[in-house]
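Work through the exercises below with the sequence and the structure open side by side. Each one sets a task and then gives a solution in steps.

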Amino acid sequence: MRRITDWLKRLPVIWKLMIGATLLIFLLFATYNFAQYLVLKHWMLKQERDALHVMMSQVQGYLQEQQATKESLESPEAISFIRNILGKNQMIRLIDDKGANLLLVTNHFNPKWITPLPSTTSSLQDAWHGEDHILIYRTPFAIKNESGTVEMATNLETFDHFNATLLWVMVIGGFLAVCISAASGWAIAKQFLRPVKALAVTIQNVKQNGLQERVGNIGNGDELSQLASLFNELMDQLEVSFRQQKQFVDDASHELRTPITILEGHLNMLNRWGKKDPAILDESLNASLQEVRRLKGLVQGLLALSRSDSATLTDQIERIRIEPFMAQTIQRMEDLYPEFAFRMKAEGTGKMVRINPLHLEQMLLIVIENAVKYSAEHKEIDIRCYEENKRVCISIQDYGIGIPTAEIQHVFDRFYRVDRARSREIGGTGLGLAIAKNLISHYQGEIDMTSVEDEGTRVTLSFPAVSS
């Protein structure tokens, strides 16, 4: 039994489904047919017994009406009456108390199959003579000075033949039904498992060929097709994530390698001949401090990015009204950059947003500081707060160098900078917008950018609005 169980466990799913469907159909069909066979058999046997009861009633009624004697039972009239009610494969016999025949009428029935047996009570029994199945009904009678037993017998040959035929029909029908159900189960299981097989093949190809493999189009429109589509979407996201991770590692290595190389070069120069030269010592110390500050900025940016990836929003969320919050933030920026003109315009921002105030401040500082860095000679920044489609929006517009259209889709990637040489002169790590995008996504918000080269850039933050 254990071997059979282990063998069944190792079978392919398509075979398990086919065998399961076949066994289920077989059990249902066998149970139904067996029940139907028993019902029909008992019903037909009851019909045969009822027919014997009717015949017995007719014979007893005739005997009572005619007040028959032993001599009258042998008359042609009595024989004719008995013959008229007698069916095929039947016998009616009247015997006295000693078992001697008083009247015998048969129709394709051998009376020797039944031994005469006087009876004092009515009885109905089954008997067999070889392969012949016989139903026997005995009941006593009494007329004038005569008494005895009426014996009726019917050969159930037709009944047995019908039962045997019905049984064979059910067996053959059941076998055909099982075969059809097995073929249908195989076809349905094959169709059902086609997306799963395609998914398994694709996963195997992913292991061998990489993340670019995808499940082919499955047009069933069912849950398995949805599973294949979800798998493809997941692989798209994984491929993008791995590509971004690789880009992140490459960019981080590059960004960290540059200041470390500069530091190493200045330290070697100091070690060789700069210890006693004040000019070289001063230059190397200033350059080293600048690179240390850059390293510190990179580390802080990476830490902020890591925190934004796993930001927890359970304890510090508040309902914030945007207009006064923006006014405070702009006041701080004016103190930091007095040479810039920050113009704020609020348009009916009566709604509030649910957010951690530190996260909102961090996002605004990132976007405004980017606007300041890339404003070039045009030191004006417009900030607009407004409501649109049940969302609170904040727009920051600068009039600086702008961004090429082809580059806009990458500006939110980690370490991405449009012009690396110029960005290095201006400062920054290329992490700010990635941090802002990660933070805003935790609040069902969106960040969008539009830009025209040499005309300026607009960054728009939008959040779901809540009533005050």
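**Exercise 1.** Describe the turn that links E11 and E12, and then follow the pairing of E12 on both of its sides.

*Solution.* Begin at the turn of this predicted model: E11 and E12 form a hairpin in which three residues lie between the strands, and aspartate 454 in that turn has a positive phi of about 65°. Next, follow the strands away from the turn, where E11 (residues 446–452) and E12 pair in the antiparallel sense over seven bridges, and where valine 452 has glycine 456 of E12 as its bridge partner. Then turn to strand E10 (residues 391–398), which is joined to E12 by eight bridges and also runs antiparallel to it; here isoleucine 394 stands opposite leucine 461 of E12. Finally, check the covering of E12 (residues 456–464), of whose nine residues seven are buried.

**Exercise 2.** Explain why strand E4 can be called largely enclosed, and identify its paired strands.

*Solution.* Start with burial, for which the cut-off is a relative accessible area under 20%. Nine of the twelve residues of E4 (residues 132–143) are buried, so the strand is largely enclosed by the rest of the structure. One partner is E3 (residues 123–129), which pairs with E4 in the antiparallel sense over seven bridges, with tryptophan 128 opposite histidine 133 in E4. The hairpin of E3 and E4 has two residues between the strands, and glycine 130 takes a positive phi near 70° there. Another partner is E5 (residues 146–155), joined to E4 by ten bridges in an antiparallel arrangement; isoleucine 136 stands opposite alanine 153 in E5.

**Exercise 3.** Which residues have the most contacts inside the largest nonpolar core, and which elements give two or more residues to this core?

*Solution.* The largest nonpolar core has 41 residues, and Phe342, Ile383, Ile394 and Phe463 are those with the most contacts inside it. The elements that give it two or more residues are the helices H7 (322–336), H8 (357–373) and H10 (432–441), together with the strands E8 (352–355), E9 (380–388), E10, E11 and E12. Of these, H8 provides the largest share, with nine residues. To see the surroundings of one central name, take phenylalanine 342: leaving aside residues up to four places away in sequence, it touches Ile330, Met333, Glu334, Tyr337, Ile368, Val372, Ile381 and Ile383. As a last step, note that a second, separate core of 26 residues includes Met44, Leu52, Ile82 and Leu103.

How values were computed:
Residues numbered from 1 in each chain as written. Predicted model: local features only at pLDDT ≥ 70, side-chain atom pairs only at ≥ 80, totals over all residues. Heavy atoms only, no water. Buried < 20%, exposed > 50% of the residue type's maximum accessible area, 1.4 Å probe, protein only. Helix = DSSP H or I, 4+ residues; strand = E, 2+ residues; numbered from the N terminus. Pairing = 2+ DSSP bridges. Core = buried A, V, L, I, M, F, W, Y, C linked by side-chain atoms within 4.5 Å. Contact = heavy atoms within 4.5 Å.
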